[in-house]
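Student: Please take a close look at the aromatic rings in this model and at the nonpolar residues that go with them.

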Amino acid sequence: MAIKLTKNEQKVQKDHLKQYQRYLPTLQLKKQQLQSVIMQVKADLEKKAAERENMIGNLNDWISVFAENQLFDEDKVLDDLVQPDTVIVKNVNIAGVRLPSFEELTFKDIAYNVDDYPLWVDTAIVKLREIARLDALVSTLNKQVELLEKELRSTSQRVNLFEKVKIPEAKDNIRVIGVYLGDQQTAAVVRGKISKKKLVEAGR
C-alpha cells in the first residue's frame, strides 16, 4: 500500500505502531489463557469420558451376572425406563469466551410396574441415569473445547497479523518516511547554501 511521504503520515504510522505494540501483549496473554483453559477442559473431558466408560462396563458386567439383560419383553426394555428430558446449562465467560456449562440433566417421569422387572432394576435405573448425565456432561465439555479452539485460532491469527505484518509494516513505513524527509531536509540545506553562494557572488 502506497503511503504519503509527509510528517503527518509519519505521525499516523507512529500512532499505529504504538497501538499495535500496546494491544499485542493483551492478545498474547489471551492466547496463553485459552491454551491453558483448553488443556484443563480436555483433561476434565478425558477424566469424565473414562468415568463414563468404566460405569458402562461395570453396569454391563453386573447385568450379565443375572443373565437377564436379554430376557425383558420388547415393550419392557430397561433403556425405555430412562429417557432424558432436558439438558440444563448455564452460560459462563471463560478467557473472554461465552461457554455452556453443564448444570443438570432432567428425565421424563416414567411409571412402571415393579412386578414386571427383577429387583435390581431400580438400582440399574439410577446407574443408567448417572451414565446419561455423564453423556450430557461430556457433550457439553466437547462443545467447550470446540468453542475455545475456534477462539484460539482467531486469536492466534490476530497475534500473527500484529507480529508479522502490522508492526513490521508500520516500522518500515516510519523508516521510509524518515529517510525521505531526511533527504528532503538535506536537499533543502544544499539548495540554501547554493542560493546563498549565488547571492554572495552577485553582490561582488
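Tutor: What follows goes through the ring pairs, then the nonpolar cores, then a surface patch.

This is a predicted model, in which local features need pLDDT of at least 70 and side-chain atom pairs count only at pLDDT 80 or more, while totals for chains, interfaces and linings use all residues. Residues are numbered from 1 along each chain as its sequence is written, and side-chain values use heavy atoms, with hydrogens and water left out.

Rings of Phe, Tyr and Trp (its six-membered ring) pair if their centres lie within 6.5 Å; planes under 30 degrees apart count as stacked, over 60 as edge-to-face and the rest as tilted. By this rule there are two aromatic pairs. In one, the ring centres of Tyr20 and Phe162 are 5.4 Å apart and the planes stand at 80°, so the pair is edge-to-face. Tyr20 belongs to helix α1 and Phe162 to helix α2, so this pair ties together parts that are 142 residues apart in sequence. Helices here are DSSP runs (H or I, at least four residues), as are strands (E, at least two), numbered from the N terminus.

Tyr23 and Phe162 also form an edge-to-face pair, at 5.7 Å centre to centre and 65° between the planes. Here too distant parts of the chain are linked, with Tyr23 in helix α1 and Phe162 in helix α2, 139 residues apart. Ring pairs thus join Tyr20, Tyr23 and Phe162 into a cluster.

For burial, the cut-offs are under 20% relative accessible area for buried, over 50% for exposed, and partly exposed in between (1.4 Å probe, protein chains only). Phe162 is buried at 10% and Tyr20 is buried at 15%, whereas Tyr23 is partly exposed at 34%.

A nonpolar core is a set of buried Ala, Val, Leu, Ile, Met, Phe, Trp, Tyr and Cys residues joined through side-chain atoms within 4.5 Å. The largest one has 30 residues, and those with the most contacts inside it are Val41, Leu105, Val121 and Leu148. Helix α1 (7-66), strand β2 (97-107) and helix α2 each supply at least two of its residues. The largest share, 14 residues, comes from α2. Phe162 is in a second, separate core of nine residues, which also includes Leu24, Ile167 and Ala170.

Helix α2 spans residues 121-202 and also holds Val176. Val176 is partly exposed, with a relative accessible area of 30%.
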